[in-house]
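User: Could you take a close look at one helix pair here and tell me how the two helices sit against each other, and what lies around them?

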Amino acid sequence: MNAPFAPKDVSRNGPARIGIGGPVGSGKTALIEALMPEFNKRGIEVAVVTNDLVTQEDARRLQAGGLIDPNRVLAVEAGACPHTVIREDPTLNIAAADDLEAAFPGLDLILIESGGDNLASTFSLDLVDWWMFVIDVAQGDDIPRKRGPGILQCDLLVINKLDLAPHVFVDAGSILAEATAIRGETPVIGCRCKGQTVEGIDRIADMIARDLLFREIPA
Ligand SMILES: Nc1nc2c(ncn2[C@@H]2O[C@H](COP(=O)(O)OP(=O)(O)OP(=O)(O)O)[C@@H](O)[C@H]2O)c(=O)[nH]1
(Lines give C-alpha, C1' and ligand atoms only; values in the text may rest on other atoms or scores of the structure.)
Protein backbone atom coordinates (compact mmCIF):
# COMPACT_ATOMS: atom_id res chain seq x y z
CA MET A 1 0.00 0.00 0.00
CA ASN A 2 1.39 3.38 -0.93
CA ALA A 3 1.55 6.25 1.52
CA PRO A 4 -1.10 8.95 0.95
CA PHE A 5 -0.23 11.07 -2.05
CA ALA A 6 0.50 14.72 -1.31
CA PRO A 7 -1.42 16.85 -3.85
CA LYS A 8 0.68 19.27 -5.89
CA ASP A 9 0.00 22.96 -5.96
CA VAL A 10 -1.35 23.38 -9.48
CA SER A 11 -1.33 27.16 -9.41
CA ARG A 12 -1.62 27.90 -13.14
CA ASN A 13 -5.22 28.45 -14.17
CA GLY A 14 -6.71 26.25 -16.87
CA PRO A 15 -6.76 22.51 -17.38
CA ALA A 16 -4.22 20.41 -15.52
CA ARG A 17 -1.51 19.17 -17.85
CA ILE A 18 -0.48 15.57 -17.35
CA GLY A 19 2.56 13.97 -18.93
CA ILE A 20 2.66 10.29 -19.87
CA GLY A 21 6.15 8.97 -20.55
CA GLY A 22 7.85 5.60 -20.72
CA PRO A 23 9.71 3.19 -22.96
CA VAL A 24 8.58 2.31 -26.48
CA GLY A 25 5.54 0.04 -26.47
CA SER A 26 4.92 0.04 -22.72
CA GLY A 27 1.29 0.99 -23.32
CA LYS A 28 1.11 4.78 -23.07
CA THR A 29 -1.49 5.13 -25.82
CA ALA A 30 -3.33 2.06 -24.53
CA LEU A 31 -3.47 3.71 -21.11
CA ILE A 32 -5.05 6.84 -22.61
CA GLU A 33 -7.58 4.64 -24.43
CA ALA A 34 -8.41 2.80 -21.21
CA LEU A 35 -8.65 6.01 -19.20
CA MET A 36 -11.07 7.76 -21.56
CA PRO A 37 -14.21 5.87 -20.40
CA GLU A 38 -13.15 6.37 -16.77
CA PHE A 39 -12.80 10.12 -17.33
CA ASN A 40 -16.19 10.19 -19.07
CA LYS A 41 -17.79 8.43 -16.09
CA ARG A 42 -16.35 11.09 -13.79
CA GLY A 43 -17.41 14.00 -16.04
CA ILE A 44 -13.78 14.95 -16.72
CA GLU A 45 -13.25 16.81 -20.01
CA VAL A 46 -10.02 15.77 -21.75
CA ALA A 47 -7.83 16.67 -24.73
CA VAL A 48 -4.64 14.93 -25.82
CA VAL A 49 -1.30 15.89 -27.34
CA THR A 50 0.67 12.97 -28.77
CA ASN A 51 4.36 12.90 -29.68
CA ASP A 52 5.90 10.67 -32.29
CA LEU A 53 9.28 10.95 -33.96
CA VAL A 54 8.37 11.66 -37.57
CA THR A 55 4.76 10.47 -37.87
CA GLN A 56 1.37 11.18 -36.30
CA GLU A 57 0.66 7.51 -35.62
CA ASP A 58 -0.59 7.77 -32.04
CA ALA A 59 -2.76 10.81 -32.78
CA ARG A 60 -4.37 9.02 -35.73
CA ARG A 61 -5.04 5.96 -33.58
CA LEU A 62 -6.81 8.04 -30.93
CA GLN A 63 -8.69 10.09 -33.53
CA ALA A 64 -9.96 6.91 -35.19
CA GLY A 65 -10.78 5.11 -31.96
CA GLY A 66 -14.12 6.74 -31.20
CA LEU A 67 -13.20 7.39 -27.58
CA ILE A 68 -12.53 11.13 -27.97
CA ASP A 69 -13.58 13.91 -30.35
CA PRO A 70 -10.83 13.75 -33.02
CA ASN A 71 -10.47 17.54 -32.89
CA ARG A 72 -9.34 17.21 -29.28
CA VAL A 73 -6.20 15.33 -30.34
CA LEU A 74 -3.14 17.16 -31.65
CA ALA A 75 0.10 15.58 -32.84
CA VAL A 76 3.60 16.87 -32.25
CA GLU A 77 6.31 15.42 -34.47
CA ALA A 78 9.41 15.54 -32.30
CA GLY A 79 11.89 14.88 -35.09
CA ALA A 80 14.55 14.21 -32.44
CA CYS A 81 15.03 12.25 -29.23
CA PRO A 82 11.56 12.14 -27.68
CA HIS A 83 12.72 13.64 -24.39
CA THR A 84 14.03 16.76 -26.13
CA VAL A 85 10.54 18.10 -26.73
CA ILE A 86 9.14 17.19 -23.33
CA ARG A 87 12.12 18.36 -21.30
CA GLU A 88 14.89 20.43 -22.92
CA ASP A 89 12.70 22.52 -25.24
CA PRO A 90 9.01 21.80 -24.69
CA THR A 91 7.92 24.77 -26.83
CA LEU A 92 6.11 22.65 -29.44
CA ASN A 93 4.18 20.79 -26.78
CA ILE A 94 3.32 23.93 -24.82
CA ALA A 95 2.00 25.50 -28.03
CA ALA A 96 -0.11 22.43 -28.83
CA ALA A 97 -1.56 22.37 -25.30
CA ASP A 98 -2.25 26.12 -25.47
CA ASP A 99 -4.08 25.62 -28.79
CA LEU A 100 -6.28 22.90 -27.28
CA GLU A 101 -6.95 24.99 -24.19
CA ALA A 102 -8.04 27.94 -26.38
CA ALA A 103 -10.15 25.79 -28.70
CA PHE A 104 -11.98 23.89 -25.96
CA PRO A 105 -12.88 26.09 -23.00
CA GLY A 106 -13.97 23.94 -20.07
CA LEU A 107 -11.30 21.29 -20.43
CA ASP A 108 -10.25 19.72 -17.14
CA LEU A 109 -7.19 17.87 -18.41
CA ILE A 110 -4.71 17.88 -21.23
CA LEU A 111 -2.80 14.61 -21.52
CA ILE A 112 0.61 14.91 -23.18
CA GLU A 113 1.95 11.56 -24.34
CA SER A 114 5.69 11.45 -24.95
CA GLY A 115 7.16 9.41 -27.74
CA GLY A 116 8.53 6.11 -26.46
CA ASP A 117 11.91 6.71 -24.88
CA ASN A 118 14.29 5.27 -22.32
CA LEU A 119 14.30 5.04 -18.54
CA ALA A 120 15.95 8.46 -18.25
CA SER A 121 13.17 10.47 -19.85
CA THR A 122 11.48 13.04 -17.63
CA PHE A 123 9.09 15.97 -18.22
CA SER A 124 9.79 19.65 -17.77
CA LEU A 125 7.52 21.15 -15.13
CA ASP A 126 7.13 24.12 -17.48
CA LEU A 127 5.10 21.71 -19.63
CA VAL A 128 3.18 19.54 -17.18
CA ASP A 129 1.78 19.81 -13.67
CA TRP A 130 2.06 16.11 -12.96
CA TRP A 131 3.37 13.12 -14.90
CA MET A 132 3.15 9.37 -15.09
CA PHE A 133 5.82 6.95 -16.25
CA VAL A 134 4.56 3.72 -17.81
CA ILE A 135 6.65 0.56 -17.84
CA ASP A 136 5.42 -2.98 -18.39
CA VAL A 137 6.15 -6.34 -16.85
CA ALA A 138 7.39 -7.79 -20.15
CA GLN A 139 10.38 -5.47 -20.12
CA GLY A 140 11.78 -7.46 -17.18
CA ASP A 141 11.29 -7.48 -13.44
CA ASP A 142 14.59 -5.66 -12.96
CA ILE A 143 13.35 -2.43 -14.58
CA PRO A 144 12.34 -0.72 -11.29
CA ARG A 145 15.70 -1.75 -9.73
CA LYS A 146 17.51 0.15 -12.49
CA ARG A 147 16.25 3.33 -10.86
CA GLY A 148 16.03 5.39 -14.03
CA PRO A 149 15.06 9.03 -13.51
CA GLY A 150 11.69 8.31 -15.13
CA ILE A 151 10.96 5.65 -12.53
CA LEU A 152 12.21 7.66 -9.59
CA GLN A 153 10.98 11.16 -10.43
CA CYS A 154 7.50 10.63 -11.87
CA ASP A 155 4.43 11.46 -9.79
CA LEU A 156 2.90 8.07 -10.53
CA LEU A 157 4.69 4.94 -11.73
CA VAL A 158 2.37 2.72 -13.76
CA ILE A 159 3.33 -0.92 -14.26
CA ASN A 160 1.28 -2.17 -17.20
CA LYS A 161 0.49 -5.52 -18.82
CA LEU A 162 -0.02 -7.38 -15.53
CA ASP A 163 -1.85 -10.01 -17.59
CA LEU A 164 1.45 -10.90 -19.30
CA ALA A 165 3.38 -11.52 -16.08
CA PRO A 166 2.93 -15.32 -16.00
CA HIS A 167 3.88 -15.57 -19.68
CA VAL A 168 7.16 -13.72 -19.26
CA PHE A 169 8.14 -15.40 -15.98
CA VAL A 170 7.67 -12.29 -13.86
CA ASP A 171 6.05 -12.30 -10.44
CA ALA A 172 3.62 -9.35 -10.59
CA GLY A 173 3.45 -9.04 -6.79
CA SER A 174 7.26 -8.84 -6.51
CA ILE A 175 7.75 -6.21 -9.22
CA LEU A 176 5.03 -4.06 -7.65
CA ALA A 177 6.48 -4.48 -4.15
CA GLU A 178 9.99 -3.71 -5.30
CA ALA A 179 8.89 -0.62 -7.25
CA THR A 180 6.91 0.57 -4.23
CA ALA A 181 9.93 0.14 -1.95
CA ILE A 182 12.20 1.98 -4.37
CA ARG A 183 9.79 4.92 -4.71
CA GLY A 184 9.11 5.37 -1.03
CA GLU A 185 6.29 7.88 -0.57
CA THR A 186 5.36 8.24 -4.22
CA PRO A 187 2.70 5.97 -5.70
CA VAL A 188 2.87 2.90 -7.93
CA ILE A 189 -0.16 1.34 -9.62
CA GLY A 190 -0.20 -1.91 -11.56
CA CYS A 191 -2.62 -2.15 -14.44
CA ARG A 192 -3.87 -3.90 -17.51
CA CYS A 193 -5.01 -1.65 -20.35
CA LYS A 194 -5.94 -4.25 -22.95
CA GLY A 195 -8.19 -7.29 -23.08
CA GLN A 196 -11.73 -8.08 -22.02
CA THR A 197 -11.11 -6.86 -18.50
CA VAL A 198 -8.93 -3.92 -17.66
CA GLU A 199 -7.37 -3.57 -14.24
CA GLY A 200 -6.13 -0.65 -12.15
CA ILE A 201 -7.40 2.02 -14.55
CA ASP A 202 -10.14 3.19 -12.17
CA ARG A 203 -7.50 3.75 -9.48
CA ILE A 204 -5.46 5.94 -11.80
CA ALA A 205 -8.55 7.95 -12.80
CA ASP A 206 -9.53 8.36 -9.14
CA MET A 207 -6.03 9.56 -8.23
CA ILE A 208 -6.12 12.16 -11.01
CA ALA A 209 -9.64 13.28 -10.08
CA ARG A 210 -8.83 13.54 -6.38
CA ASP A 211 -5.26 14.82 -6.32
CA LEU A 212 -5.18 17.05 -9.38
CA LEU A 213 -8.76 18.14 -9.87
CA PHE A 214 -9.69 18.05 -6.18
CA ARG A 215 -12.92 16.16 -6.85
CA GLU A 216 -14.73 14.11 -4.24
CA ILE A 217 -14.37 10.38 -4.88
CA PRO A 218 -17.48 8.44 -3.82
CA ALA A 219 -16.62 5.84 -1.15
N1 LIG B 1 -1.24 -7.92 -23.05
C2 LIG B 1 -1.29 -6.60 -22.97
N3 LIG B 1 -0.90 -5.86 -24.02
C4 LIG B 1 -0.96 -4.52 -23.90
C5 LIG B 1 -1.43 -3.86 -22.72
N6 LIG B 1 -1.34 -2.54 -22.92
C7 LIG B 1 -0.85 -2.35 -24.17
N8 LIG B 1 -0.64 -3.55 -24.76
C9 LIG B 1 -0.09 -3.79 -26.11
O10 LIG B 1 1.24 -3.30 -26.14
C11 LIG B 1 1.55 -2.80 -27.44
C12 LIG B 1 2.04 -1.36 -27.31
O13 LIG B 1 0.99 -0.54 -26.81
P14 LIG B 1 0.92 1.00 -27.11
O15 LIG B 1 -0.24 1.58 -26.40
O16 LIG B 1 1.02 1.25 -28.58
O17 LIG B 1 2.30 1.46 -26.45
P18 LIG B 1 2.98 2.89 -26.46
O19 LIG B 1 3.74 2.99 -25.20
O20 LIG B 1 1.96 3.94 -26.73
O21 LIG B 1 3.96 2.76 -27.71
P22 LIG B 1 4.88 3.91 -28.39
O23 LIG B 1 4.01 5.13 -28.55
O24 LIG B 1 5.28 3.29 -29.69
O25 LIG B 1 6.03 4.11 -27.46
C26 LIG B 1 0.27 -2.91 -28.26
O27 LIG B 1 0.37 -4.08 -29.04
C28 LIG B 1 -0.82 -3.03 -27.20
O29 LIG B 1 -1.93 -3.76 -27.65
C30 LIG B 1 -1.86 -4.68 -21.62
O31 LIG B 1 -2.26 -4.21 -20.54
N32 LIG B 1 -1.74 -6.03 -21.80
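Analyst: Quick bit of vocabulary before we start: an axis here is a line fitted to C-alpha atoms, for a helix over the stretch in contact, and angles between N-to-C directions run from 0 to 180 degrees. Keep in mind that this is a predicted model.

So, the pair. Helix α1, residues 28-41, packs on helix α6, residues 201-211, at about 55 degrees, and their axes are 9 Å apart. That angle makes α1 oblique to α6. As for handedness, α1 passes α6 in a right-handed crossing.

Who touches whom? On the α1 side you've got A34, L35, E38 and F39, and they meet I201, D202, I204 and A205 of α6. Sort the residues of that contact by class and you get six nonpolar and two charged, with no polar ones.

Now to what leads into α6. The loop between β7 (188-190) and α6 is where K194 sits. K194 counts as partly exposed because it has 15 C-beta neighbours inside 10 Å, and the cut-offs are 20 or more for buried and 12 or fewer for exposed. Along the chain K194 is 168 residues away from S26, yet their C-alpha atoms are separated by 12 Å.

Back to α1, which also has a part in the ligand site. There, 17 residues surround the ligand, and the closest are G27, K28, T29, A30 and G116. α1 gives the most to this shell, with three residues. By class, the shell has seven polar, six charged and four nonpolar residues.

Conventions: Residues numbered from 1 in each chain as written. Predicted model: local features only at pLDDT ≥ 70, side-chain atom pairs only at ≥ 80, totals over all residues. Helix = DSSP H or I, 4+ residues; strand = E, 2+ residues; numbered from the N terminus. Parallel < 35°, antiparallel > 145°, perpendicular 65-115°, else oblique. Left-handed = near helix turned anticlockwise from the far one by under 90°. Contact = placed C-beta atoms within 7 Å. Nonpolar A, V, L, I, M, F, W, Y, C, P; charged D, E, K, R; others polar. Near = placed C-beta within 6 Å.
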